[in-house]
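Grab a pencil and your favourite viewer: here are a few exercises with worked solutions. Try each task before reading on.

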Amino acid sequence: MRVVTYAAATAGLIVAVLASGAPAALGDQRASLGEQAMSIFPNPSAPGTSTTFQINCASQSAPGPATSATLSGTELGLADQIPMQPTGQTDVFTTTVVLPTSLAPGTYNPEADCSNGTSASTTLQVNAVPSPAPPTGDGTTSTATNGVLTDAGLGLVGVAAVLGGVVLRRRRSGSRT
Amino acid sequence: MNRLINALIVAAMVAGLGLAYAGSHTLRWSPPPAPPRWAGLTRNPPRPAGWEANRPADRVNRADAARHGYQVTPMTASTPVSISIPSINIRARVIALGVTRGGAVEVPPLTKPFLTSWYDKGPTPGAPGAAVLFGHVDSAAVGPAVFYNLGELRPGDLIYITLRDKRTGVFRVYSAALYQKSTFPAEAIYGYTSWPSLRLVTCGGAFDTASGHYLGNTVVFAQYVGQRAPAG
């Protein structure tokens, strides 16, 4: 009986975890790290893409919960101190910024600082957005002329010419005799 | 009698010349169909409705998915292997391609005109974000190629993409537009969307014989409806 209860409880837990859904990346990372940590979504991101940064300021060594947090955006070509908004969850702050379109693709290590003295940083991968539009066609349907029709026409001319030649020959030989 | 034969031969020659002339002055196929609006004419191409804030469409999708018994959760990342668009009779294989050294997205060779490619630096179809697929509009070898009729897709049409894990993602078209290559809306196409979305891209607009390229791109925007398990 007890085993059944445990099994049911475990199953329930698994279902709950599975059901947590799409932005699971954020939630999982936060849950697994009780200490100060930063998460970024989406990661990898791209220039011109709105990207969410979230920091958890909780720390054993900190004197207490943080009241504010800022993201240093210089490295990403943004403002130096970007204030982060409280999330309703103690010590967790978030902000969403649009990465500059001029940002070079590569790896970045943005950092955020909390008012309680803790700070966290994580790796952000920025992928290039392919710029030139791809060539997807060689113009055949817009330029190719109706070869079948042309061939048929030329064929008809040829047949008529041959017939004409035959007829002329017959008439000439006919007139001699 | 002789006169009649003469007349017939002359008539055949004139008709033949006429046919040859007509043939060399008409197109064997017609230029690819274009979506109803030529968005490239505006300086800033309009962002298709719902490309980012897709909450209302999301609700519609859920109702839709429930009706068909689709599972609405985003799909687990898995490489796409085939695409099917029943409304314009497309069934094609999908291969994964990245970018060229010049930074342009790679597309299948023109010698494989019925192959489509998935931009493998972006999300897989059905995962959060915008999955992008490319296909040729035409090719000398065959004339109309795999995405020739892409411009005929209209909002509401369904696109099915099967992944390597054998699950099929269902997507609903919500916008289709023709963009000039010079104002190709890369951000609207590749940019992150919280709800899974799909973009199909091919060439379109006028063909520039001087450069050997089409001047525009036909882009179809679609949103994730749900997924269905492998049949059988």
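Helices (H or I, at least four residues) and strands (E, at least two) are DSSP runs, numbered from the N terminus. What we're looking at is a predicted model, where local features need pLDDT of at least 70, side-chain atom pairs count only at pLDDT 80 or more, and totals for chains, interfaces and linings use all residues. Residues are numbered from 1 along each chain as its sequence is written, while chains are lettered from A and ligands numbered from 1 in the order in which they are written.

**Exercise 1. Take stock of chain A and chain B.**

Step 1: count the elements. Chain A has four helices and nine strands, and chain B has three helices and 10 strands.

Step 2: read along the sequence. For chain A the pattern goes α-α-β-β-β-β-β-β-β-β-β-α-α; for chain B you get α-α-β-β-β-β-β-β-β-β-α-β-β.

Step 3: check burial. A residue is buried if 20 or more other C-beta atoms lie within 10 Å of its own, exposed if 12 or fewer, and partly exposed in between, with C-beta atoms placed from the backbone. On that count, 29% of the 177 residues in chain A are buried, and 44% of the 232 residues in chain B are.

Step 4: look at contact range. Two residues are in contact if their C-beta atoms, placed from the backbone, lie within 7 Å. Take contacts between residues at least 6 apart in sequence: in chain A, 58% of them join residues at least 24 apart, and in chain B the figure is 66%.

**Exercise 2. Work out the strand order of the open sheet in chain A.**

Step 1: get the rule straight. Two strands pair if DSSP finds at least two bridges between them. Strands of a sheet pair through backbone hydrogen bonds, either parallel or antiparallel.

Step 2: walk across the sheet. Seven strands line up as β1-β2-β5-β4-β3-β7-β8 of chain A, with antiparallel pairing. At the edges sit β1 (37–41) and β8 (119–121) of chain A, each pairing on one side only.

Step 3: zoom in on one pair. Strands β3 (residues 69–72) and β7 (residues 111–114) of chain A are joined by four bridges and run antiparallel; one register check is A:T70, whose bridge partner in β7(A) is A:D113.

**Exercise 3. Trace the barrel in chain B.**

Step 1: follow the ring. Eight strands of chain B close into a barrel in the order β1-β2-β3-β4-β9-β10-β8-β7, and the pairing is mixed.

Step 2: start at the hairpin. β1 (residues 80–85) and β2 (residues 90–97) of chain B pair in the antiparallel sense over four bridges, and B:S82 has B:R93 as its bridge partner in β2(B). The hairpin leaves four residues between the two strands, and B:N89 in the turn has a positive phi of about 55°.

Step 3: find a parallel pair. β2(B) and β3 (residues 115–119) of chain B pair in the parallel sense over five bridges, with B:L97 matched to B:Y119 in β3(B).

Step 4: move on to β9(B) and β10(B). These run antiparallel and are joined by 10 bridges; B:R199 has B:F221 as its bridge partner in β10(B).

**Exercise 4. Describe the side of chain B that touches chain A.**

Step 1: count. 60 residues of chain B are in contact with 42 residues of chain A. The largest share of chain B's side, 15 residues, comes from α1(B).

Step 2: sort by class. Ala, Val, Leu, Ile, Met, Phe, Trp, Tyr, Cys and Pro count as nonpolar, Asp, Glu, Lys and Arg as charged, and the others, Gly among them, as polar. That gives 34 nonpolar, 21 polar and five charged residues on the side of chain B that touches chain A.

Step 3: pick a residue. B:A20 is in helix α1 of chain B. Is B:A20 buried or partly exposed? B:A20 counts as partly exposed because it has 19 C-beta neighbours inside 10 Å. Leaving aside neighbours within four places in sequence, B:A20 is in contact with A:T150, A:G153, A:L154 and A:V157.

**Exercise 5. Decide which parts of chain B the predictor is confident about.**

Step 1: pLDDT is the predictor's confidence in each residue, from 0 to 100. Chain B averages 85, with 88% of its residues at 70 or more.

Step 2: confidence in chain B is lowest in helix α2 (residues 55–68), at a mean of 62, and highest in β1(B), at 97. Over residues 39–57 of chain B the pLDDT is below 50.

Step 3: for the model as a whole, the scores are ipTM 0.77 and pTM 0.71.
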